[in-house]
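Here is a single chain to work through by question and answer. Please look at the sequence and the structure before reading on.

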Amino acid sequence: MKFLEDPFQTAVVGFALTVVLIVAFLGLSGMGAGEADWVGILTRWVHFIAGITWIGLLYFFNFINAGFLKSLDGPTKNIVIPKLMPTALNYFRHGATVTVLAGIILYGYLYSKGGTGAIALGIGGLLGIIMMVNVHAIIWPNQKKIIAAVTAAAQGTPAPAEMAAWGKTALYASRANVMLSIPMLFFMGAGSHFK
């Protein structure tokens, strides 16, 4: 099970397993591959995977990482932040972008076919768009400045006085996204249940 040692290999095996299970499902159900709405299924699947990545990291940053970073002393933060945050924030912001783009495509696709629950999904989608704007316009730019300042501090450059304000701005935007994610997830999930 060497593939379990690398997260990317694990994901590749997960995708391969998905294909095997789809083939098995189609064979057992007697459903032909041509009877499925593959555009809808695959778009929703991408939307789910990206959304889980995005919101999972949002909750990690707010409920685990923020408290953990507060518990570290300055020299330890200078080691942890430059190693952890760039990669985590890349997954976070790209997850946000892919989630919203796939959601917009899915919304248009489903409702061009006469789907129900458009208003509920529209509310959830609008909240998701606001959250993505927070990621790209507020959270990421401030975090990028913090990462650069902490990296420079590790080399002996004093931290700029405005670094605390950058952190507070990013934190509040991130906390606003946690707050918005709760009704967003409700309306995204409830859309197909409102007739």
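Q: What is the mean pLDDT of the chain?
A: This is a predicted model, and pLDDT gives the predictor's confidence in each residue, from 0 to 100. Of the residues in the chain, 98% reach 70 or more. The mean pLDDT of the chain is 93.

Q: Which element of the chain has the highest mean pLDDT?
A: Among the elements of the chain, α3 has the lowest mean pLDDT, at 93. The highest is 96, and that value belongs to α2.

Q: How many helices and how many strands are there in the chain?
A: From the N terminus on, the elements run α-α-α-α-α. The count for the chain is therefore zero strands and five helices.

Q: At which residue does α2 bend?
A: Helix α2 covers residues 38-71, 34 residues in all. From its first C-alpha to its last, α2 reaches 48 Å, close to the 50 Å expected at 1.5 Å a residue. Helix α2 nevertheless has a bend of about 45°, located at Asn 65.

Q: Which helix gives the most residues to the largest nonpolar core?
A: The largest nonpolar core has 29 residues, and those touching the most other members are Trp 54, Phe 61, Leu 89, Phe 92 and Met 131. At least two residues of this core come from each of α2, α3 (74-112), α4 (118-154) and α5 (163-190). The most, ten residues, come from α4.

Q: Which residues are in contact with Phe 92, leaving aside its neighbours within four places in sequence?
A: Phe 92 is one of the core residues that touch the most other members. Contact here requires heavy atoms within 4.5 Å. With those sequence neighbours left aside, the contacts of Phe 92 are Trp 54, Leu 57, Leu 58, Phe 61, Val 135 and Ile 139.

Q: Is Ser 174 buried or exposed?
A: Ser 174 is found in helix α5. Leaving aside neighbours within four places in sequence, Ser 174 is in contact with Leu 58, Asn 62 and Ile 139. Its relative accessible area is 8%, and the cut-off for burial is under 20%. Ser 174 therefore counts as buried.

Q: What share of the accessible surface of the chain belongs to carbon and sulfur atoms?
A: Of the 195 residues of the chain, 31% count as buried. The accessible surface of the chain comes to about 11,600 Å². The share belonging to carbon and sulfur atoms is 74%.

Notes: Residues are numbered from 1 along each chain as its sequence is written. This is a predicted model: local features need pLDDT of at least 70, side-chain atom pairs count only at pLDDT 80 or more; totals for chains, interfaces and linings use all residues. Side-chain values use heavy atoms; hydrogens and water are left out. Helices (H or I, at least four residues) and strands (E, at least two) are DSSP runs, numbered from the N terminus. The expected span of a helix is 1.5 Å times one less than its number of residues. The bend at a residue is the angle between axes fitted to the seven residues ending there and the seven starting there. A nonpolar core is a set of buried Ala, Val, Leu, Ile, Met, Phe, Trp, Tyr and Cys residues joined through side-chain atoms within 4.5 Å. Buried means under 20% relative accessible area, exposed over 50%, partly exposed in between (1.4 Å probe, protein chains only). Accessible areas come from the Shrake-Rupley method with a 1.4 Å probe; for residues, only the protein chains shown count as cover.
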